[in-house]
Amino acid sequence: MCGEKGMKKIIYPGTFDPIHNGHVDIAKRASIIFDELIFVIAENPRKKPLFTTKERKMLVEKSVNDIPNIKVKSTEKLVVEFALGETAVAIIRGLRHVSDFEFEFQMALMNYHLNPDISTMLMIPDEKYIHLNSTVVKEVAELGGDISHYVPKVVGECLNIKFKQ
Ligand code: ADP
């Protein structure tokens, strides 16, 4: 398409079940560095997500709709294959603790093996989000705790609805 040549795209893959403010923080930072960031919702039925792929995609879209160079897609494919199809040059992943490192390191090396041309970047979020993950958000919400500081408003609303069902 006109004007797309030379555009630097990065993909941000994950389960995002649901998206929280730590994910948004990473996406904002990376979207400043790259021309376009694509959230890639992994379908991954093995993980038995609380939200369907369609719901997770809608929640990401609504959470980042103020950032013009972010797109949201979903896939069942391998991340590097998806990246290739999108002509993305890199994958971004968040790094919270040393404990994240081992897993991310392994994934990055495997992805280099699968396609050495797609770089992996690991980014540290603001310290406010270091202890945040989707599992904790869901557990606290299920027990009626206040998660409003940790998730976009729309996510809080959908969690309330889910747990009332
Ligand atoms: P996974 O892909 O392991 O199922 P998520 O979908 O929750 O996990 O996360 C997608 C990406 O976002 C991963 O790189 C993960 O490290 C990162 N991430 C998760 N929580 C945070 C957080 N609080 N701050 C920054 N990055 C995070």
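**Exercise 1. Sort the residues of the lining of the largest pocket by class.**

Solution. Start with the classes. Ala, Val, Leu, Ile, Met, Phe, Trp, Tyr, Cys and Pro count as nonpolar, Asp, Glu, Lys and Arg as charged, and the others, Gly among them, as polar. By these classes, the lining of the largest pocket holds 18 nonpolar, twelve polar and twelve charged residues.

Next, note the ground rules. This is a predicted model, where local features need pLDDT of at least 70, side-chain atom pairs count only at pLDDT 80 or more, and totals for chains, interfaces and linings use all residues. Residues are numbered from 1 along each chain as its sequence is written, and side-chain values use heavy atoms, with hydrogens and water left out.

**Exercise 2. Describe the largest pocket by its volume, its central residues and its elements.**

Solution. Fix the term. On a 1 Å grid over the protein atoms alone, a pocket is an open set of points with protein on both sides within 12 Å along at least five of seven lines, a cavity is a set where a 1.4 Å probe fits but cannot get out, and lining residues have an atom within 4 Å of a point.

Now the volume, meaning the space filled by probe spheres set on the points, which are joined across faces, edges and corners. The largest pocket contains about 1200 Å³. Its lining counts 42 residues. Pro 13, Gly 14, Thr 15, Lys 47 and Arg 93 lie nearest its centre.

Then the elements. Helices (H or I, at least four residues) and strands (E, at least two) are DSSP runs, numbered from the N terminus. S1, H1, S4, helix H4 (98–114) and helix H5 (134–142) each supply at least two lining residues. H4 gives the largest share, seven residues.

**Exercise 3. Place the ligand and list its polar contacts.**

Solution. The ligand sits in the largest pocket; the test is that more than half of its atoms lie within 2 Å of the grid points.

Look at the shell. A residue is near the ligand if one of its heavy atoms lies within 4 Å. There are 18 such residues, and Thr 15, Lys 47, Gly 94, Tyr 129 and Leu 132 come nearest. By class, the shell has seven nonpolar, seven polar and four charged residues.

Now the contacts, pairs of N or O atoms within 3.5 Å. A polar side-chain atom of Thr 15 is 2.5 Å from a ligand oxygen. Phe 16 brings a backbone N or O atom to 2.9 Å from a ligand oxygen. For Arg 93, a side-chain N or O atom is 3.1 Å from a ligand oxygen.

Which elements give two or more residues to this shell? They are strand S1 (9–14), helix H1 (21–33) and strand S4 (90–94).

**Exercise 4. Find the unusual backbone points in the loop between S1 and H1.**

Solution. Phe 16 is in this loop. Its phi is near 50°, positive in a residue other than glycine. Pro 18 lies in the loop too. The peptide bond from Asp 17 to Pro 18 is cis, with omega near 0°.

**Exercise 5. Describe the largest cavity.**

Solution. One cavity reaches 30 Å³ or more. The largest has a volume of about 30 Å³. Its lining is Ile 91, Arg 93, Glu 104, Met 107, Ala 108, Asn 111 and Thr 120. H4 gives the most, with four residues.

Conventions. Polar contact = N/O pair within 3.5 Å; in protein donor to acceptor, adjacent residues only side chain to side chain.
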